[in-house]
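Me: I am new to this structure and would like a close look at a single part of it, with the surroundings explained as you go. Please take me through it slowly.

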Amino acid sequence: MGQTGNSGNATNLSVNQVSPDRIMYCWLNGGSYVPAAGLAKTAEIDTNLKWETNEQTNVGLDLGFFDNSLNVTLDYFVRDAKDLLLYRNLRPSTGYTSIYTNAGHIRNSGFEFAVSYTKNVGEWNFGATLNGSTLKNKTIDVGDDIFRAMWPTVTIGTITLPRVTVIRWVSSMDIR
């Protein structure tokens, strides 16, 4: 049994990032929109990111018969990949589409075998080997259900910005 880790792809995804790239603010001035450049956080971050953890267990058996002319090898393995680093979708109300975080657990398990036979007859050597394996992959957890939204845009002058629309349901209790 053992553990290994994986730091994922990029190493700066747990650090706040601010950029002026394509960040425009608009305000209404005298009946027209006035754009202005600005800075904004470019992505939602998870400050508690940690390495993925892979735990692996192998159990094996090697047998030799007839002065090791017939050999049998049997192996069973289980590999659990936990805290997978992946992008999870966020609710549109956050202003971001996804976050890079630890979410997910995948298990790989299987059985491997090999049977080999070798024989020496005078100056001749011959042998045969049969091997095979099974593999079962199981996704145990990948986080929340997938949410996908289409974001319409609004164009002000030569600038195209995402439009966020907030809808409030009005019930008969709200009307007086």
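**A close look at the strands and their partners**

Reply: A good place to begin is a small hairpin, in which strands β3 and β4 are joined with two residues between them, and where glycine 30 in the turn has a positive phi of about 65°. The strands of this hairpin are β3, covering residues 24-29, and β4, covering residues 32-37, and they pair in the antiparallel sense over six bridges. Within that pairing, cysteine 26 has proline 35 in β4 as its bridge partner. All of this is read from a predicted model rather than from an experiment.

To set the hairpin in its context, it helps to know that the protein has 13 strands and zero helices. Read along the sequence, the pattern is accordingly β-β-β-β-β-β-β-β-β-β-β-β-β. Of the contacts in the protein with a separation of 6 or more, 54% are between residues 24 or more positions apart. Lysine 41, in strand β5 (residues 40-41), gives one case of positions brought together across such a stretch of chain, for its C-alpha atom is separated by 5.7 Å from that of glutamine 17, 24 residues apart along the chain. Lysine 41 is itself partly exposed, with a relative accessible area of 34%.

Another hairpin is made by β6 and β7, with four residues between the strands, and here phenylalanine 66 takes a positive phi near 55°. Strand β6 (residues 52-65) is joined to β7 by 13 bridges, and the two run antiparallel. Across this pairing, glutamine 56 stands opposite arginine 79 in β7. Strand β7 also has β10 as a partner, again in the antiparallel sense and over 13 bridges, and there phenylalanine 77 stands opposite glycine 110 in β10. Taken together, these pairings give β7 both β6 and β10 as partners.

A residue that shows this arrangement well is aspartate 80, whose place is in strand β7 (residues 70-82). Is aspartate 80 buried or exposed? Because its relative accessibility is 10%, and buried means under 20%, aspartate 80 counts as buried. Leaving aside neighbours within four places in sequence, aspartate 80 is in contact with Thr53, Asn54, Glu55, His105, Ile106 and Arg107. With histidine 105 there is also a polar contact, in which the two side chains are joined at 3.2 Å.

Strand β10 leads from here to the surface of the protein. A nonpolar surface patch of about 520 Å² is made by Val59, Tyr76, Phe111, Phe113, Val115 and Leu130. Which strand gives the most to the nonpolar patch? It is β10 (residues 105-121), which gives three residues. Leucine 130, another member of the patch, is found in strand β11, which covers residues 124-141. Because its relative accessibility is 53%, and exposed means over 50%, leucine 130 counts as exposed.

Finally, the protein as a whole can be put beside these details. Its accessible surface comes to about 13800 Å², and carbon and sulfur atoms account for 54% of that area. Buried residues, among them aspartate 80, make up 18% of the 176 residues in the protein.

How values were computed
Residues numbered from 1 in each chain as written. Predicted model: local features only at pLDDT ≥ 70, side-chain atom pairs only at ≥ 80, totals over all residues. Heavy atoms only, no water. Buried < 20%, exposed > 50% of the residue type's maximum accessible area, 1.4 Å probe, protein only. Contact = heavy atoms within 4.5 Å. Areas by Shrake-Rupley, 256 points an atom, 1.4 Å probe, with all protein chains shown as cover. Patch = residues over 30% accessible without salt bridge, like charges linked within 9 Å, V, L, I, M, F, W, Y side chains within 5 Å. Salt bridge = Lys/Arg side-chain N within 4 Å of Asp/Glu carboxyl O. Polar contact = N/O pair within 3.5 Å; in protein donor to acceptor, adjacent residues only side chain to side chain. Pairing = 2+ DSSP bridges.
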